[in-house]
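Reader: I work at the bench and would like to learn how to read a protein model. Could you walk me through one, feature by feature?

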Amino acid sequence: MNAITSLPLSVQTVLLLIGSNVFMTFAWYGHLRNLATAPWYLAALASWGIALFEYLLQVPANRIGFQQAGFTVAQLKIVQEVVTLSVFLPFAMLYLKEPFKLDYVWAALCMVGAVYFIFRGA
């Protein structure tokens, strides 16, 4: 943990958001592969259990980002969305075996535009 706290606050924020997104992606979509034949309520319970770990990283990430690193709420949200897309695409392709689509590139370019507009005044 000491290695993380020695990093710049903005990097701490992003790393915690990446970690939280890995858990959240598994919570939201992992059951499609692992619990596909289980009743939906078992998948929901498993997802809630996984999501707990997401919140254990996401809440400190947003607090560090907002209170210490100086991100606005809008900037935190856009960073979160970029991280979500960055985590989701490899997950979908490697874990769920979804094919790559050119639409992913267009979505990523839209996110680059969102980052530009949210951070341009910073």
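Reader: Which pattern does the protein chain follow, read along the sequence?

Author: Happy to start there. Keep in mind that this is a predicted model. Read from start to end, the protein chain follows the pattern α-α-α-α-α, with five helices and zero strands. Its C-alpha atoms fill a box of roughly 50 × 35 × 25 Å along the principal axes.

Reader: How do I look for pockets, and what volume does the largest pocket have?

Author: The general idea is friendly enough: rolling a probe the size of a water molecule over the atoms shows where empty space is left. Here, the largest pocket has a volume of about 430 Å³. Its lining counts 16 residues, and N21, E54, K77, Q80 and T84 lie nearest the centre.

Reader: Which helix gives the most to that lining?

Author: Helix 4 does, with seven residues. Helix 2 (9–34), helix 3 (40–68) and helix 4 (73–95) each supply at least two. By class, the lining has seven nonpolar, six polar and three charged residues.

Reader: Now the surface. Which residues make the nonpolar patch?

Author: I4, L7, V11, L15, I18, V22 and F26 make this patch, which covers about 470 Å². Helix 2 gives the most to it, with five residues.

Reader: Take I18, in helix 2. Why can I18 count towards a surface patch?

Author: Patch residues need over 30% relative accessible area. I18 has 34%, so this partly exposed residue passes that cut-off.

Reader: And what share of the chain is buried?

Author: Buried residues make up 27% of the 122 residues in the protein chain.

Conventions:
Residues numbered from 1 in each chain as written. Predicted model: local features only at pLDDT ≥ 70, side-chain atom pairs only at ≥ 80, totals over all residues. Heavy atoms only, no water. 1 Å grid on protein atoms, 1.4 Å probe; cavity = no way out; pocket = protein on both sides within 12 Å on 5 of 7 lines; lining within 4 Å. Points joined across faces, edges and corners; volume = space filled by probe spheres on them. Helix = DSSP H or I, 4+ residues; strand = E, 2+ residues; numbered from the N terminus. Nonpolar A, V, L, I, M, F, W, Y, C, P; charged D, E, K, R; others polar. Patch = residues over 30% accessible without salt bridge, like charges linked within 9 Å, V, L, I, M, F, W, Y side chains within 5 Å. Areas by Shrake-Rupley, 256 points an atom, 1.4 Å probe, with all protein chains shown as cover. Salt bridge = Lys/Arg side-chain N within 4 Å of Asp/Glu carboxyl O. Buried < 20%, exposed > 50% of the residue type's maximum accessible area, 1.4 Å probe, protein only.
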